[in-house]
Every structure is written in structure tokens, then in C-alpha cells.
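Please read the following structure with me, one feature at a time. I will ask how each feature is defined and then where it turns up.

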Amino acid sequence: MEFHQNHFHYLDFKLDLKVKWNSFTKFSIIDKNLFLELNDNLYCLFFVGEEEVGEENFAWIIHFLEEKIKSK
């Protein structure tokens, strides 16, 4: 998972996906886990936990997303 100024980038062994920020409907935090929701005729959910990225990086990601994903 990578957080860029213009897009979110997800890469694994099957998928290389770049999504512009305005395509995300919202994000939420549940039990120190961040969930990104994409809904455009297809429901996708991406998540990352504070334990995976560390407390400082997790806080940075949340601040970054607050600027990129506005409430709709």
C-alpha cells in the first residue's frame, strides 16, 4: 500500500491498482485498524493496522487521508 498525492496504490501478487482519491467514499478507524472504502458500482475495501505500520506512520496516514477524502 502506498499513499501518493494524487492516488492510492495497492500492489500484491495478483493486482496492481491505482485509485484517485476522489473515488473513495470514506475511511474509518476501528480498533486501531484503518479501512478505506471505494464504492463505484463495485465495492472494495482496503485496510491496514497500526500494528503493521507503527504508531507514527499510522497517525501520518490518518492525517493524510483527512485531507484527501472529504465527507460525501
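What follows is a dialogue between a learner and a teacher.

Q: What kind of model is this, and how are residues numbered?

A: This is a predicted model, in which local features need pLDDT of at least 70 and side-chain atom pairs count only at pLDDT 80 or more, while totals for chains, interfaces and linings use all residues. Residues are numbered from 1 along each chain as its sequence is written, and side-chain values use heavy atoms, with hydrogens and water left out.

Q: How many helices and strands are there, and in what order do the elements run?

A: Helices (H or I, at least four residues) and strands (E, at least two) are DSSP runs, numbered from the N terminus. The protein has two helices and six strands. Read from the N terminus, the order is β-β-β-β-β-β-α-α.

Q: What does the radius of gyration say about the protein?

A: The radius is taken over C-alpha atoms and set against a globule rule, 2.2 Å times the number of residues to the power 0.38. For 72 residues the rule gives a value near 11 Å for a compact globule, and the protein agrees with this at 12 Å. Along the principal axes, the C-alpha atoms fill a box of roughly 30 × 30 × 25 Å.

Q: What share of the residues is buried?

A: Buried means under 20% relative accessible area, exposed means over 50%, and partly exposed lies in between (1.4 Å probe, protein chains only). Of the 72 residues in the protein, 31% are buried.

Q: What is the accessible surface of the protein?

A: Accessible areas come from the Shrake-Rupley method with a 1.4 Å probe; for residues, only the protein chains shown count as cover. The total for the protein is about 5400 Å², and carbon and sulfur atoms account for 50% of that.

Q: How many aromatic pairs does the structure hold?

A: Rings of Phe, Tyr and Trp (its six-membered ring) pair if their centres lie within 6.5 Å; planes under 30 degrees apart count as stacked, over 60 as edge-to-face and the rest as tilted. The structure holds twelve such pairs. One of them joins Phe3 and Phe64, with 6.4 Å centre to centre and 75° between the planes, and is edge-to-face. Phe3 is in strand S1 (residues 2–3) and Phe64 in helix H2 (residues 55–68), so this pair ties together parts 61 residues apart in sequence. Phe3 counts as buried at 17% relative accessibility, and Phe64 counts as buried at 9%.

Q: Which residues do the ring pairs link into a cluster?

A: The cluster consists of Phe3, Phe8, Tyr10, Trp21, Phe24, Phe46, Trp60 and Phe64.

Q: Which residues does Phe3 touch?

A: Contact means heavy atoms within 4.5 Å. Leaving out residues up to four places away in sequence, Phe3 touches Phe8, Trp21, Leu36, Trp60, Ile61, Phe64 and Leu65. Phe3 and Leu65 are 62 residues apart in sequence, and their C-alpha atoms are 8.8 Å apart. In the protein, 38% of the contacts between residues at least 6 apart in sequence join residues at least 24 apart.

Q: Where is Ile69, and is it buried or exposed?

A: Ile69 is in the segment after H2. Its relative accessible area is 7%, so Ile69 is buried. Apart from neighbours within four places in sequence, Ile69 is in contact with Trp21, Phe24, Thr25, Lys26, Phe27 and Leu36. The C-alpha atoms of Ile69 and Phe24 are 6.7 Å apart, with their positions 45 residues apart along the chain.

Q: Where is Asp31, and what is its phi?

A: Asp31 is in the loop between strand S4 (24–30) and strand S5 (33–39). Asp31 is not a glycine, yet its phi is positive, about 50°. Asp31 counts as exposed at 70% relative accessibility. Lys32 is in the loop between S4 and S5 and has a positive phi of about 60°, although it is not a glycine. With a relative accessible area of 55%, Lys32 is exposed.

Q: Which residues are in contact with Glu50?

A: Setting aside neighbours within four places in sequence, they are Lys32, Glu55 and Phe58. Glu50 lies in helix H1 (residues 50–53) and is buried, at a relative accessible area of 18%.
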